[in-house]
Amino acid sequence: MTIKIAREGGRLPRTTPGAHASTAPATPRSGRQFRSLLSHLAIALTATLLLGGCASENLHKAEAPRFQLAWPEPPDPARYVYEGQLRSPADIRPENEDERLRRMLTGRGAVSTDPAYRKPAALAARKGRIYVADPPTASIVVFDIPRQRVFRMGVREPNQVMKPVSLAIDGAGRVYVLDSKRRTVMVYDALGLFLFSVGDPKALNQPSGVAVSADGQRIFVVDRGSLEGDDHKVVAYAPDGKELFRLGPRGAGPGQFNIPLSATVSPDGTLFVLDSGNFRVQGFDLDGTPRLTFGNVGAGLGQFSRPRSIATDPNGNIFVSDGSFNNVQIFNPRGQLLMWIGKPDLRNGPGQFGLIAGVATDETGRLYVSDHYHNKIEVYRPVIAAEPQISGR
């Protein structure tokens, strides 16, 4: 079952699409006649389907699969609930009555259901806009929920992106796109107008992540380096492109890294770097002074096996996706495990991931998770205290 997302009072409610059929209606003479004709045809079609369904119900009756829609599972109180998927324009634009009837009769919807992206490599979200880095199409796909439309940015020459691999957003809503092919950070406004670029391509080897302070005065580029080399680092830039300082090189000590992949800046100004090859997260102040470290290798709670991406929410909680566990572990600002969301599964239900990838949050606390295997983005909403728990099939 596909759960669509549509804007409703600033929330993203769950809706379910209607059934499909393949009968094409005749062209009506007026809108009223057309709706009347569609209504009669839909009633007849529904009755036919119901009669056919009753005749074969006993032969094909099966228990609907159960999906976990609330995390954690009962009896623990729910902290997050599954809200839906973002894959196509149809997931954010609801059909009107005429469009719904037309789709039921023709099997063709007025809104595209084709995937808007090919490989959701990285995510960022703010004010109802979800930005998706899509390297195969050399663009940033934007799900603009307030305007109920999907568009691409970073595609206009000469300031187009070539291989976007990481995203960040500052307090003013500017979007920072790390282009691993250009080896620079391209900066755009919320609607895709190019503003400026930051970074020295000669100083970066294999850039993999970008983070930015809320005021936009510190732009951090994560460079995973090479497997054989020691140039594994984080470089801090000012908006004018001046290099401020570096963290690294390769190693296991404080301020050293082994294949760092991603970074994020929390609301209190802590820079968290996902030190993937050391199976840990390192925290620094905005001047590069170490603050804390947590995590180690293993298959236990709070441990890492194949950490992929990192994000923080408005409360300072830290979210780390892991490609081996196919889940997102959630830690408090001190690095203590709170809970996790997701599990490995190839059936592609809610909370089921085949190859988890990017993770992001927005100002409402919503969590966005991308999966390369199922080619999807799932959305989770934080539960308000005393909100009833839900379960799903």
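In this predicted model, strand E23, which spans residues 327-331, pairs with E24 in the antiparallel sense over four bridges. One residue of this pairing can be followed individually, since Phe331 has Leu337 in E24 as its bridge partner. The two strands belong to an open sheet of four strands, arranged in the order E21-E22-E23-E24 with antiparallel pairing. The edges of this sheet are formed by strand E21 (307-312) and strand E24 (337-341), each of which pairs on one side only, and from one strand to the next the twist averages 20°. Strands of a sheet pair through backbone hydrogen bonds, in either a parallel or an antiparallel manner.

Phe331 also leads from the sheet to the aromatic side chains, among which the structure holds eight aromatic pairs. In one of these, the ring centres of Tyr188 and Phe194 are 5.6 Å apart and their planes stand at 70°, over the 60 degrees required, so the pair is classed as edge-to-face. Tyr188 counts as buried because its relative accessibility is 1%, under the 20% limit, whereas Phe194, at 24%, counts as partly exposed.

A further pair joins Phe294 and Phe331, with 4.9 Å from centre to centre and 45° between the planes, an arrangement described as tilted. This pair links distant parts of the chain, for Phe294 lies in strand E20 (residues 290-294) and Phe331 in strand E23, 37 residues apart. Phe294 is buried, with a relative accessible area of 7%, and Phe331 is buried as well, with a value of 1%. Together with Phe304, Phe294 and Phe331 form one aromatic cluster.

Technical notes: Residues are numbered from 1 along each chain as its sequence is written. This is a predicted model: local features need pLDDT of at least 70, side-chain atom pairs count only at pLDDT 80 or more; totals for chains, interfaces and linings use all residues. Side-chain values use heavy atoms; hydrogens and water are left out. Two strands pair if DSSP finds at least two bridges between them. Axes are lines fitted to C-alpha atoms, for helices over the stretch in contact, and angles run from 0 to 180 degrees between N-to-C directions. Rings of Phe, Tyr and Trp (its six-membered ring) pair if their centres lie within 6.5 Å; planes under 30 degrees apart count as stacked, over 60 as edge-to-face and the rest as tilted. Buried means under 20% relative accessible area, exposed over 50%, partly exposed in between (1.4 Å probe, protein chains only).
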